[in-house]
Amino acid sequence: MKALGNVLWFIFGGFIAGLLWWLAGVIMFISIVGIPWGKACFAIGTLSFFPFGKEAVNREILTGKKDVGTGGWGTFGNVLWFIFGGFWLALSHVFAAIISFITIIGIPFGIQHGKLARISLSPIGKEVVDKEVAEQARKKNAERVVEEYSN
């Protein structure tokens, strides 16, 4: 089912949405200062192409290590992102989700718009992976945390 959902999503707007996100990422990279936001645009673009079966996960959960995007600088970048566009991008996805839910047949698309709304709020420090990988990473991270508390 996720393959069918991805094909339908791609045909009915996912292709254009992903390309627009990638174009925004290229523009951010050209500016040099916008590289962290450019990386975020590529992550959102990747999710926009084929969102079914994918999830955005904090990179620290995936790797078990902090990096520039998951630490204080990442938080600062996400705050700037939120102020200068993230809120409005997320709001547009929420609006699209509501319309999708109203149509009833569009409920699966509404769920995907909800996913895109969440990553649009704070994309820096996130990585797009398969749902199974995200689940395993969360499990492994929880085991690490439990081990740290027991020592």
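This report describes the overall build of a predicted model, its two largest pockets and a few single residues.

## Overall build

The chain has six helices and two strands. Read from the N terminus, these elements follow the order α-α-β-α-α-α-β-α. Helix 1 covers residues 2–30, helix 2 covers 35–49, and helix 4 covers 72–102. Further along come helix 5 at 107–121, strand 2 at 126–130 and helix 6 at 131–150.

The radius of gyration of the chain is 16 Å, which agrees with the value near 15 Å for a compact globule of 151 residues. Along the principal axes, the C-alpha atoms fill a box of roughly 50 × 40 × 20 Å.

## Burial, contacts and surface

How much of the chain counts as buried? The share is 36% of the 151 residues. The chain exposes about 9400 Å², and 73% of this area is supplied by carbon and sulfur atoms.

Contacts between residues at least 6 apart in sequence were also sorted by separation. Of these contacts, 73% join residues at least 24 apart.

## The largest pocket

Pockets are a matter of empty space. Rolling a probe the size of a water molecule over the atoms shows where such space is left.

The largest pocket has a volume of about 340 Å³. Its lining is made up of 20 residues, and those nearest the centre of the pocket are P36, K39, R59, I124 and G125. Helix 2, helix 4 and strand 2 each give at least two residues to this lining. Helix 2 has the largest share, with seven residues. Sorted by class, the lining of the largest pocket holds 11 nonpolar, five polar and four charged residues.

## The second largest pocket

The second largest pocket has a volume of about 250 Å³. It is lined by 14 residues, of which W9, G13, A17, H93 and H113 are the closest to its centre.

Which helices supply at least two residues each to the lining of the second largest pocket? They are helix 1, helix 4 and helix 5. Helix 1 gives the most, with six residues. By class, the lining of the second largest pocket has seven nonpolar and seven polar residues, and no charged residues. Helix 4 thus appears in both accounts: it gives at least two residues to the lining of the largest pocket and at least two to that of the second largest pocket.

## Two loop residues with positive phi

I32 is found in the loop between helix 1 and helix 2. I32 has a relative accessible area of 59% and is therefore exposed, since the cut-off for that class is over 50%. Its phi is positive, at about 65°, although I32 is not a glycine. I32 and P51 are separated by 19 residues in sequence, and their C-alpha atoms are 28 Å apart in space.

I104 sits in the loop between helix 4 and helix 5. Its relative accessibility is 61%, so I104 counts as exposed. I104 is not a glycine, but it has a positive phi of about 65°.

## Two partly exposed residues

S122 lies in the loop between helix 5 and strand 2. Is S122 buried, partly exposed or exposed? Its relative accessibility is 24%, and because the partly exposed class runs between 20% and 50%, S122 counts as partly exposed. S122 and T75 are 47 residues apart in sequence, with a C-alpha to C-alpha distance of 8.3 Å.

E132 is found in helix 6. With a relative accessible area of 48%, E132 is partly exposed. E132 and L8 are 124 residues apart in sequence, and 22 Å lies between their C-alpha atoms.

Conventions. Residues are numbered from 1 along each chain as its sequence is written. This is a predicted model: local features need pLDDT of at least 70, side-chain atom pairs count only at pLDDT 80 or more; totals for chains, interfaces and linings use all residues. Side-chain values use heavy atoms; hydrogens and water are left out. On a 1 Å grid over the protein atoms alone, a cavity is a set of points where a 1.4 Å probe fits but cannot get out, and a pocket is an open set with protein on both sides within 12 Å along at least five of seven lines; lining residues have an atom within 4 Å of a point. Grid points are joined across faces, edges and corners, and a volume is the space filled by probe spheres set on the points. Helices (H or I, at least four residues) and strands (E, at least two) are DSSP runs, numbered from the N terminus. Ala, Val, Leu, Ile, Met, Phe, Trp, Tyr, Cys and Pro count as nonpolar, Asp, Glu, Lys and Arg as charged, and the others, Gly among them, as polar. The radius of gyration is taken over C-alpha atoms; the globule rule is 2.2 Å times the number of residues to the power 0.38. Buried means under 20% relative accessible area, exposed over 50%, partly exposed in between (1.4 Å probe, protein chains only). Contact means heavy atoms within 4.5 Å. Accessible areas come from the Shrake-Rupley method with a 1.4 Å probe; for residues, only the protein chains shown count as cover.
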